[in-house]
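Visitor: I have the sequence and the model side by side. Could you walk me through what to look at?

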Number of protein chains: 2
Amino acid sequence: MKQKMWTEETIKTELREHGLRATTPRIAICLQLLQQHCHYNAQQLHEELSPHHPTMSPNTVYLTLNQLATVGLIRSFNVNGNTIFDSNTTTHDHAHCRHCNTLVDLPSTTKSLPKTPGKMSDWALEWGTRLWSGLCPDCKQVTDTTSR
Amino acid sequence: MKQKMWTEETIKTELREHGLRATTPRIAICLQLLQQHCHYNAQQLHEELSPHHPTMSPNTVYLTLNQLATVGLIRSFNVNGNTIFDSNTTTHDHAHCRHCNTLVDLPSTTKSLPKTPGKMSDWALEWGTRLWSGLCPDCKQVTDTTSR
DNA sequence: AAAATAGATAGTAATCATTACTATTTGTAG
DNA sequence: CTACAAATAGTAATGATTACTATCTATTTT
């Protein structure tokens, strides 16, 4: 996991290179999201930023996250109807616990991202993520010992 | 793609084996979903069934689909915030066009479902699907010729 | 075969995340 | 430092899904 070091300056540059203005809310969102290597939804991110940016509206967070995903600075995917934003843009999978909703990273099973779907030669696929569904260690135990 | 032939009788049996009553709405939903091998969301399914089952409430469709997914008769996953139900429970991937929203099946890149995540020995993973994101043949052309 | 009962349904209301709208503000190019 | 296009905040609107409850029905019991 190569961790790129992000500073306010590098983020500003990155934003502009993607045709986005380097505004205060955007920089804050990027700093939070890119420095922490974990999964956020829009609300969580807004809650985290609110203390230091009281006027930042949820709306802005939603909009910004979608823009960042569109230009490819982050990835977004959906788990259980919840939109998750991931600053880790390398190819990797996820495991989701259907009981407690935990989501963790998994090394990708297929590193060769474009190879497999190459069979569908007409599609221009850009990225993919695999979502495994099941029970995390804790919940596995609980469901083992209690019911069934 | 082995296509199991479903009749009202086999569906009734299947439902009961999974602890679900063989009710009229449920049988209708199963017939529609299991016979057609494609991706439905709850609303589409309700629209398809409404003509023949005018009193069937959307609520029932939502509930039933979730139950069927819970017992493993169908799979559910999320694309772009849209919950999709899939009667194809074999391991396979999906390709999604971010422009026109088309969703198609792809043969799975990893047939050995439990092997890879076995590294996370503590998780009890049950199934997984990979979602590829990109542009379908049609939209690829459009975006090529028009903008950018 | 009729009665009992636990589960399922329909219909309505409520919820939740997300998007739409718009007047105001703010980066950035000139 | 001005001008303009883009971004923001705040509010309202949307749309999918869930919650609730009285009624109904499949299945079990008698």
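Visitor: Leaving aside neighbours within four places in sequence, which residues is Ile29(A) in contact with?

Guide: Happy to start there, with the reminder that this is a predicted model. Ile29(A) is among the residues with the most contacts inside the largest nonpolar core. Once its neighbours within four places in sequence are set aside, its contacts are Leu45(A), Leu49(A), Met56(A), Thr60(A), Val61(A), Thr64(A), Leu65(A) and Leu68(A).

Visitor: Which element gives the largest share of this core?

Guide: The core has 22 residues. Elements giving two or more residues to it are α1 (8-17), α2, α3 (42-49) and α4 of chain A. The largest share, six residues, belongs to α2(A).

Visitor: How many residues does the other core have?

Guide: Look apart from the first core, and you will find another that includes Leu15(B), Cys30(B), Tyr40(B) and Leu73(B). Its size is 21 residues.

Visitor: Turning to the DNA, which element supplies the largest share of the surface near DNA strand D?

Guide: Strand D is surrounded by 18 residues, and the closest include Arg26(A) and Arg16(B). At least two residues each come from α2 (24-35) and α4 (58-71) of chain A and from α4 (58-71) of chain B. The largest share, three residues, comes from α4(B).

Visitor: Which part of DNA strand D does a polar side-chain atom of Arg21(B) lie 3.3 Å from?

Guide: Compare a few polar side-chain atoms here. One of Arg26(A) lies 2.6 Å from a phosphate oxygen of strand D, and one of Gln43(B) is 2.7 Å from a sugar or linking oxygen. For Arg21(B), the partner at 3.3 Å is a base oxygen.

Visitor: How much of what comes within 4 Å of the protein on DNA strand C is sugar and phosphate?

Guide: Some examples first: a phosphate oxygen of strand C is 2.6 Å from a side-chain N or O atom of Gln43(A), and another such pair, with Tyr62(A), is at 3.0 Å. For Arg26(B), the distance to a phosphate oxygen is 2.5 Å. Of the strand C atoms within 4 Å of the protein, the sugar and phosphate share is 68%.

Visitor: How many charged residues does the surface near DNA strand C have?

Guide: There are 18 residues around strand C, with Asn59(A) and Asn59(B) among the closest. α4(A) gives the largest share of that surface, three residues. By class, the surface has four nonpolar and 10 polar residues, and its charged residues number four.

Terms used. Residues numbered from 1 in each chain as written. Chains lettered and ligands numbered in written order. Predicted model: local features only at pLDDT ≥ 70, side-chain atom pairs only at ≥ 80, totals over all residues. Heavy atoms only, no water. Near = heavy atom within 4 Å. Polar contact = N/O pair within 3.5 Å; in protein donor to acceptor, adjacent residues only side chain to side chain. Helix = DSSP H or I, 4+ residues; strand = E, 2+ residues; numbered from the N terminus. Core = buried A, V, L, I, M, F, W, Y, C linked by side-chain atoms within 4.5 Å. Buried < 20%, exposed > 50% of the residue type's maximum accessible area, 1.4 Å probe, protein only. Contact = heavy atoms within 4.5 Å. Nonpolar A, V, L, I, M, F, W, Y, C, P; charged D, E, K, R; others polar.
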